[in-house]
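Hi everyone, thanks for coming. Please take a moment with the picture before I start talking about it.

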Amino acid sequence: MDSKLPVLGSVVASVGSAAAWLCCFPFALGALGAGSALASTLGPLRPYLIGLSILLWTLAFFALYRPGRSCVADECASRRSLRLQRVGLWLAGLISLAMITAPYWSHWMIYWML
């Protein structure tokens, strides 16, 4: 009986999560509308935010790839940990680049989806 309890708990949690998502779907759509209104007010700040983003990504890449970075205060990061950090940074960088360039390619995506 004890081995079935965690499985049953995960199934009940999954069903509850799905039900909550379906219940809150109209509110999520409303939040997206509010998010687009917020985006239109932040439009004039876009060049500054892009510059800040590029500066922070440059600092993150420098901090992660500089020589001797893996050992700090006599504690060395494992190769796996360092690799996961680098993969995460590259993945986040690609997502950030896609979001920065979205105004230039998003209209083509919308055109081909209709």
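**A ring cluster, a serine pair and a patch**

Let's begin with one side chain: Tyr65 is partly exposed, and its relative accessible area is 38%. One thing to keep in mind as we go is that this is a predicted model.

Now look for Phe61, which sits in the same helix, α2, four residues from Tyr65, so about one helical turn separates the two. Phe61 has a relative accessibility of 22%, and that makes Phe61 partly exposed. The cut-off helps here: buried means under 20%.

How many aromatic pairs does a search of the whole structure find? The answer is two. One of them joins Phe61 and Tyr65: the ring centres are 6.2 Å apart and the planes are at 10°, so we call this pair stacked. If you wonder why, planes under 30 degrees apart count as stacked.

Let me come back to Phe61 for a second, with its 22% relative accessibility. Its ring also pairs with the ring of Trp90, with centres 4.9 Å apart and planes at 70°, so that pair is edge-to-face. Where do these two residues lie? Phe61 is in helix α2 and Trp90 is in helix α3, so the pair ties together parts that are 29 residues apart in sequence. Trp90 is partly exposed as well, at 46% relative accessibility. Put the rings together and you get one aromatic cluster, made of Phe61, Tyr65 and Trp90.

Let's step back to the whole chain. The chain has four helices and two strands. Reading from the N terminus, the order is α-α-β-β-α-α. There are 114 residues in the chain, and buried ones make up 5% of them. The chain exposes about 9,700 Å², and 76% of that is supplied by carbon and sulfur atoms.

Next, some buried residues. Are Ser53 and Ser96 buried or exposed? Ser53 has 18% relative accessibility, so Ser53 counts as buried. Ser96 is at 15%, so Ser96 counts as buried too. Please find them on your screens: Ser53 is in helix α2, which covers residues 46-65, and Ser96 is in helix α3, which covers residues 79-100.

What joins their side chains? A polar contact of 3.5 Å links Ser53 to Ser96. If we set aside residues up to four places away in sequence, Ser53 touches Ser96 and Ile100. Leaving out sequence neighbours in that way again, Ser96 touches Ser53 and Trp57.

My last stop is on the surface. Which residues make the nonpolar patch of about 790 Å²? They are Leu42, Leu45, Tyr48, Leu49, Leu52, Leu55, Leu56 and Leu59. Helix α2 gives the most to this patch, with six residues. Take Leu55 as an example from the list: its place is in helix α2, and Leu55 is partly exposed, with a relative accessible area of 47%.

To wrap up, I'd like you to keep helix α2 in mind. Ser53 in this helix has its polar contact with Ser96, Phe61 and Tyr65 belong to the aromatic cluster with Trp90, and six residues of α2 go into the nonpolar patch. Thanks for listening, and please ask me anything.

Conventions: Residues numbered from 1 in each chain as written. Predicted model: local features only at pLDDT ≥ 70, side-chain atom pairs only at ≥ 80, totals over all residues. Heavy atoms only, no water. Buried < 20%, exposed > 50% of the residue type's maximum accessible area, 1.4 Å probe, protein only. Polar contact = N/O pair within 3.5 Å; in protein donor to acceptor, adjacent residues only side chain to side chain. Contact = heavy atoms within 4.5 Å. Patch = residues over 30% accessible without salt bridge, like charges linked within 9 Å, V, L, I, M, F, W, Y side chains within 5 Å. Areas by Shrake-Rupley, 256 points an atom, 1.4 Å probe, with all protein chains shown as cover. Salt bridge = Lys/Arg side-chain N within 4 Å of Asp/Glu carboxyl O. Phe/Tyr/Trp six-rings, centres within 6.5 Å; stacked < 30°, edge-to-face > 60°.
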